[in-house]
Structures are given as structure tokens and as C-alpha cells.
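Q: I am a first-year student and would like a close look at one part of this structure, the aromatic side chains. Could you walk me through them?

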Amino acid sequence: MSRDYTRFTMSQRLQHIFMFVPFIILVLTGFPIKFPESEFWSVVMSAAGGIEKARVIHRFAAAVMILDFAFHILYLGYNLYKKRPSLADMHLVPNGRDGKNIIENMKYFLFLSDERPRFHRFSYIEKFDYWAVFWGMFIMAGSGIILWFPVLFSKFLPGIVIQIAYIAHSDEAMLALLAIIIWHFYNVHFNPRIWPANKVWYKGTLSEEEMEHEHPLELEEIKAREEASK
Amino acid sequence: MPATIYRHSILVLLLVMLTALSAPAQQADAENCNLCHSLALLGIATPSDGLRSFEVTAEAYSHSTHRNVICRDCHTDINVFPHPEEVATVECYKACHITKPFALTGYSHAEQADAHAISAHGFNSEYSAEKNEAKPDCKYCHSNTFRNIIKDEVLESNSQHCARCHEGDGLAGVILHVSSHSGHRTAEASIDVVELCSSCHADQGHMKQFDVNLTQVSGYERHFHGKALKRGMNEVANCMDCHRNHLNLPADDPNSSIHPNNIQQTCSSNAYCHSDATAKFAVSAIHSEPTTQNNPILFFVEWGFIILTAGTMALLFAHIFLDFGRWVGDIWMRRKEK
């Protein structure tokens, strides 16, 4: 019997959408300024309506993204307070199993083993994505807000902080874009085992088959729990 | 009778054509210099200069800033005909017949020439003749090709720049300057100013002979001002906005607009810029490339990000290739089994 397993709630799916839509807009309005001589980004810049409009759009999209992240922090805090989960139930926290999984996966990749690592709710790949965005948000939003109000921040921070913010914003943006279009897109689209796309971001569920393939350990636990409660 | 009409009409047509052809060049040519100087082949050949043309094309002259100045206002020592063989070069600071609006004094560029003379671009007695020659004079920046490009859209989008130099002159000064530029139909786009300054300052070979920062232009281009300007944001600062237009002084000169004591004033000097700039904000706006000497913190932050990005992407790429390799390998092995 095939059934669907809820992976992301409606709130979580919306949080993802309110993260990636501003992300795309921020890339399209930011990179033309990072690469002012690039022909490709010139086309994007004119589509955005020129630099003056792009700067306004960039800040609006940034505000949406920051609010989304702020909501996520509150959401985390609320759930931690209300559910008081044990460390084992906080599935995104890196743990010893990740190290074990990495070694197993390397062995699998190098044909030293035919067993794929059995992932729990979140594989080390997914944990990396989550924490990369978490770190990236602090760098990008922090430096972005400083560059938005440089004079204000210079009243209580040393001048070097503005210069660091300028470099950090530009370089971390590059890292984020590369990580998304190469790493994240491979893992959720271009990976031949996933192609053409992992639909969980809008469906919110995985089929039994997908669960068995991607999260067998979690599936096992769910089934064991259901067995026990019968 | 028809023959006479025919003959007359040819005469009229000829007159009209002559008038039309000569009109532009005649505007300030009260002394009819262009009677000879419009001739394409007018010139001399000397052993030192080679061929030298004295042709003044009507097109160039009538579109130049100085089209209303009569020739001898600048070419002051040409008083006899035929002209003497040796004549002095034109000096921009000499007063000419044009009077300043609302004033009776002759107009001259003496104020600008004086500022230039004491600026970093002025004559330095400690320098050799060649080294002084290598610095820009009035005509290097204010050449006709540069000044005379008529760009209406540029004029409109750059009028905010006028206020930066003419703040002390009050509203009247701004109006005078804007009307003068509109009348002359000349204006430099910020991007042209950067290009002009870069024609020397980006040339490392040329600049090495002077004791200056060699990464000024590349530093400006990596800074927000330089990038935004290339993307058409005209209100960002170009070279002249911070370094002044004629009184370009090195940073260690206490009168310099970029001296540490004055830089805050420079950044905040008008409402278009950072009118509330703090001292800490002002010193952060440097635009040299960071090195271990001039800005070690920034240097290491920058390299930190390069290493972080390269390292992260190398690991992620390796993971992707290994993952993909295993998938391809599985297909290959399954085929072999069949």
C-alpha cells in the first residue's frame, strides 16, 4: 500500500518560498552592480529598469527576506519553547550520524560499498543547506543593512566595518549564488536520481517509495512507532 | 527676358549658397581670419614640426565653446599680416573681450589657471622638464574633442554636479554656471570625467614617475561609486567631486579636499552626497586596493572570502562529481551484467 508522508508543513513551505523568491530578485538586482561591465548582467539591469529602480527593488526584496528569516527564528523559538524537543528530535542539528553517513557515502561513491547510507529525516546534505542559509542570512542581512545606512552605522562602529561589509556582501553573495545554482540545484533537480525536480517544496509530502530511497531510517522509525501504538 | 531671370536666379542661388556655407564660421570671425584659415591646404612644413596645418574647419569652430571669442583674443601676438613665423602659444588665463555677466571686467580663466598652478598638476620646480611636461595642462583636459560633444541628456542628468563646485557662489553662481553650460551646450558626463582622469592615472607606466598611488583608478572602479557610475547612476561621485576640478592637491597637503582633516567636509559638502557624513564614515571611503600594508584587516577579509568560496565550492563540486560518477558507474555495470 502506497501512502504519502508529510515532510514540510504549509508554514515551512511558505517560509521556503518567501526565502527563494526574494533571493532570485536580490541576485537579479545585485549582481549587475557587482559586475558593472558584464554584458549579460546589463540585460538583466535594463530589464529591472536601470540601477535606480534596481536599488529600490533590491531593498524591498531584502526586507521581505529578512522578515521571512525573522519569522523563522520566532517559529524556531516558539516550537522549541512549546514542544521542548529532545536533542534527538531536533533533526537539523548535526550529530555523529552525519559523520558516519559521509564516510558511508564516500565508500558508496568510490564503489567500495554498494550500500547507500541510510539517512534519517535530514541527510548531512540537507543539514548543510539549512545551516549555510542560516549563516548566509546573518552575513548578507548584516552587511546589507550596514550598506543601506552606512552613515548611521559609522556613528557607533569603526569605519573599517563599512569596508568589510562591502566586501562581505559582495563575496558572500557570490558564494550563496554558486552554492544554490550548483549544489542545491544538483541535489533537488539535476541529480539523475531526482530529475526533473523534487516536488516536496510545494507538495509537502514524499511517497513511500521516495521515503524508502531518501530517508529509510526515518521511515523505519515511523513504522516502528505506528506498530507500537497499535 | 527668360534668360535674364535664369541668370539672376543663378546669382541669387550662388549668394544663398555662399552665405549658408560661410555662416557658421563667421559667427565670431569679425576680422575675417577664415578667409584664409578655412582653406584645407593652408599650412607650413618645418624641419622640426613637419607638416603643420593651420586650417580651422567651420564645423569644428562653430561648435566649439569659444565660437563667440574672436581669434585674436587668444592668439594675442598675431598683429601683422603676413603673421610672424614664431608666435606664442595660447594661454588660457589671459583676459579676453567677453565680459562676465553683470560685470565690466574682462573674462578670463585666471582663477582656474591659478588653482591649477598650485595643484598637483601644476609646475613643480623640483621636477625635470620632461616630468613637468608629463602633467596635464589646461588643454589636456579641456581639449576641443572633449569639451564640445553636445549631449543634451548628459547636460540634464549632470546639472546636480554644478552645485558641488559652485556651492560658495550661491544660487546666482549655480544659475550662471548652468546657463553658461547650456549656452555653450557643453557638459561632461561623470563617466567622461573618470575616463579623462584615467587616461593618465590608470597608465601605470606613466604614473610610476610620480609619487602617487598606482591603484587609484582600479580602486575607484571596485568601489560602489565606480560600479554604480558604469551602470548609469550619474549622481555618484566622480573623480572631481572629491578631488576638486582644478585645485587637485595630494592628501598630505592641509589645503587638500582629501586631507584627513577635510575629508569629512568633502563627503558632506552638499545635499546630493553624504550630507550627514561622520568622520569615521569619511575615512572608510578610501579607494585604493587593500594590501597587507595599507589595510591588513580588509586584505585578510577579502582573501578569507576567496579561500572560503573556493574551498567550499571545491568540496561541493567533488561531492557532485562523485555522486554523478557512481550513478554513471551503476548504469555501466548493469549493462555489462546483461
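A: Let's start in helix α5 of chain A, which covers residues 124-148. In this predicted model, the helix holds both Tyr130(A) and Phe134(A), set four residues apart, or about one turn of the helix. Their rings form an aromatic pair, with 5.8 Å from centre to centre. The angle between the two planes is 40°, and the pair is tilted. That angle is neither under 30 degrees, as for stacked rings, nor over 60, as for edge-to-face ones, so the label is tilted.

Now look at how this pair fits into its surroundings. Ring pairs join Tyr130(A) and Phe134(A) with Phe69(A), Trp131(A) and Phe138(A) in a cluster. Phe134(A) has a relative accessible area of 15%, so this residue counts as buried, the limit being under 20%. Over all chains, the structure holds 23 aromatic pairs.

For a contrast, move along chain A to Phe156(A), in the loop between α6 (150-154) and α7 (159-190). Phe156(A) is exposed because its relative accessibility is 54%, and the cut-off is over 50%. Together with Trp148(A), Phe149(A) and Leu152(A), Phe156(A) makes a nonpolar surface patch of about 400 Å².

Rings can also have a charged partner here. Tyr108(A) has the charged end of Arg326(B) over its ring, 4.2 Å from the centre. In chain B, Lys131(B) lies over the face of Tyr127(B), at 4.1 Å from the ring centre.

Notes: Residues numbered from 1 in each chain as written. Chains lettered and ligands numbered in written order. Predicted model: local features only at pLDDT ≥ 70, side-chain atom pairs only at ≥ 80, totals over all residues. Heavy atoms only, no water. Phe/Tyr/Trp six-rings, centres within 6.5 Å; stacked < 30°, edge-to-face > 60°. Helix = DSSP H or I, 4+ residues; strand = E, 2+ residues; numbered from the N terminus. Buried < 20%, exposed > 50% of the residue type's maximum accessible area, 1.4 Å probe, protein only. Lys NZ or Arg CZ within 6 Å of the ring centre and 35° of its normal. Patch = residues over 30% accessible without salt bridge, like charges linked within 9 Å, V, L, I, M, F, W, Y side chains within 5 Å. Areas by Shrake-Rupley, 256 points an atom, 1.4 Å probe, with all protein chains shown as cover. Salt bridge = Lys/Arg side-chain N within 4 Å of Asp/Glu carboxyl O.
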